[in-house]
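Open the model in the viewer and keep the sequence panel in view. The tour moves from one selection to the next.

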Amino acid sequence: MAARRALLAAAAAAGGRRGAAGAAAGPGPAPGAGAAPGAAPGAGTGRSRLYEHAREGLSARPQLDVTALSERDLERRRGPLGGAALREIVRTWARLGKVRDGIARLEAEKGRVAQGVREIMASHDKAAAKTHPELAALRERGRSLREQLRVLEAEESDLEQRFYLGALQLPNRTHPAVPVGDQSQARLLEVVGEKPVFDFKPKGHLELGEGLDIIRQRRLSHVSGHRSYYLSGAGALLQHALVTFTLRKLLSKGFLPMTVPDLLRGAIFEGCGVQPSATPSQVYTIDPARFEDLCLAGTSEVGIAGYFMDHAVQLQDLPVRVVCSSTCYRTETDTGREPWGLYRVHQFTKVEMFGVTAAERGTESEELLDEFLGLQKEIFSELGLHYRVLDMPTEELGLPAYRKFDIEAWMPGRGKFGEVNGTACAVPRLLIALLECNQLPDGRVRVPPVLQPLVGQEVLARPPAPLLRYIGPNQPGGGPPKMGEGA
């Protein structure tokens with residue numbers, strides 16, 4: 001949301017973070033960049049597209065407030081660098097400052113020498129100037145200054161690269177109220193709504209969706225790969241209804257609607273704290289042999305941050321609240337986790353909240369985070385969901401986050417809460433909660449009242465017969481229809 005105090009990455013200097021994902025975030029360092037805790041800056045970090053972007057003059061260089069950095073914060077966060085690396089980064093920055101001061105002094109003296117040469121040449125004819133006793137000394141001093149500058153400028157370039165390759169891996173500061181530790185230390189802030197009670201064994205969303213013929217995920221490996229899916233009929237209508245309901249809600253609150261590119265440069269991802277070249281990475285990278293440095297966005301946050309990149313906003317126009325519906329692409333590299341269903345998929349629709357705040361009082365970002373959290377709760381409550389709000393601990397914060405609230409909705413088919421937040425409306429996970437919480441004994445599903453006008457139905461019923469019948473050769477009972485049989 002507001003500009004980071006610890007590290008302001010110029011790739012999206014006015015950028016923000018999603019509603020419940022972290023106040024005072026804005027663009028940040030690149031997680032998973034590969035250096036071991038305590039490593040020296042630049043050790044094992046490879047390249048930084050964000051630094052290259054700035055070095056080529058496409059953006060201003062990221063600015064680091066070294067006085068805001070805390071080893072204690074760093075050690076509590078789950079990041080690639082430790083306290084020793086932070087100390088080395090600070091030392092590198094201090095040396096860089098001294099080198100730049102030295103360059104400035106030499107440049108000033110070089111200017112005075114050049115002025116002295118010009119004055120001699122202007123006040124004497126060419127022959128007399130050549131024999132002037134001070135001219136040779138001035139020219140010799142000029143050669144000496146140029147050589148000293150060459151050495152210092154080479155050191156400056158080396159120090160700057162070392163500094164940024166380390167500094168861009170540093171996390172943001174941490175809100176003092178954030179719990180310390182791993183996921184088990186998450187603080188429960190609130191439980192909202194009533195858990196649905198069934199007098200039958202509830203089904204999972206995939207079984208329900210297949211029964212209603214609104215979700216298809218089987219027999220798609222040869223069509224679109226694993227973790228892909230189709231929504232059809234009422235399933236597609238539910239997706240559009242969720243997007244429309246959320247957009248209408250946020251537009252009524254003064255949000256600026258926006259659409260964004262799905263393909264963006266690596267520097268923009270890194271400015272938002274996402275490292276496309278990490279191993280493993282959640283980012284799809286387009287074939288660099290054909291399209292250099294283009295990646296598919298896993299969230300519209302990246303595109304929105306790119307919109308504000310290198311631009312200023314008038315103070316009286318802040319905060320800016322942006323809403324964007326987009327298609328999101330994620331590799332979901334942990335293939336062993338929930339390979340079926342809509343919980344972890346490679347492509348999905350999401351409505352995002354994004355904020356840009358001032359930093360005059362130092363509280364604006366946190367205030368907007370609270371506002372966004374309230375809007376998320378309003379959306380989920382109107383959908384009739386049973387959910388809980390968690391204040392996530394230090395090791396669960398992404399490197400750009402200052403604070404992070406998770407909202408988890410009850411999913412009866414999974415028998416547990418599942419994360420649905422980090423945004424206004426992540427469609428697949430909301431579909432899971434809505435289908436599983438509103439199911440009836442016969443497999444039908446009630447539509448939440450706020451969505452009924454948009455879906456055009458109060459209850460989703462089983463169709464008389466499925467639209468498709470598999471006739472392919474790779475499943476039991478497959479193959480072409482026999483003579484006299486229909487398709």
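Start with Ser-300 in this predicted model. With a relative accessibility of 1%, Ser-300 counts as buried, because buried means under 20%. Show the secondary structure around the selection: Ser-300 lies in helix α9, which covers residues 300–308.

Now display the contacts of Ser-300. Apart from neighbours within four places in sequence, Ser-300 touches Val-260, Cys-324, Ser-326, Lys-350 and Glu-352. Pick Val-260 from that list and draw a distance between C-alpha atoms: Val-260 and Ser-300 are 40 residues apart along the chain, and their C-alpha atoms are separated by 6.7 Å.

Next, select residues 263–264, which are strand β7, and residues 295–296, which are strand β9. The two strands run antiparallel and are joined by two bridges. Within this pair, Leu-263 of β7 stands opposite Leu-296 of β9. Add β8, residues 284–285, to complete an open, antiparallel sheet of three strands in the order β7-β9-β8. β7 and β8 stand at the edges with a single partner strand each, so one side of each has no neighbour in the sheet.

The last stop is the second largest pocket. Its volume is about 540 Å³. Which residues of the lining lie nearest its centre? Select Asp-213, Ile-215, Arg-216, Arg-219 and Leu-468 to see them, out of 21 lining residues. Strands β4 (215–216) and β5 (230–231) each contribute at least two residues to the lining. Colour the lining by residue class: twelve are nonpolar, six charged and three polar.

Key: Residues are numbered from 1 along each chain as its sequence is written. This is a predicted model: local features need pLDDT of at least 70, side-chain atom pairs count only at pLDDT 80 or more; totals for chains, interfaces and linings use all residues. Side-chain values use heavy atoms; hydrogens and water are left out. Two strands pair if DSSP finds at least two bridges between them. Helices (H or I, at least four residues) and strands (E, at least two) are DSSP runs, numbered from the N terminus. Buried means under 20% relative accessible area, exposed over 50%, partly exposed in between (1.4 Å probe, protein chains only). Contact means heavy atoms within 4.5 Å. On a 1 Å grid over the protein atoms alone, a cavity is a set of points where a 1.4 Å probe fits but cannot get out, and a pocket is an open set with protein on both sides within 12 Å along at least five of seven lines; lining residues have an atom within 4 Å of a point. Grid points are joined across faces, edges and corners, and a volume is the space filled by probe spheres set on the points. Ala, Val, Leu, Ile, Met, Phe, Trp, Tyr, Cys and Pro count as nonpolar, Asp, Glu, Lys and Arg as charged, and the others, Gly among them, as polar.
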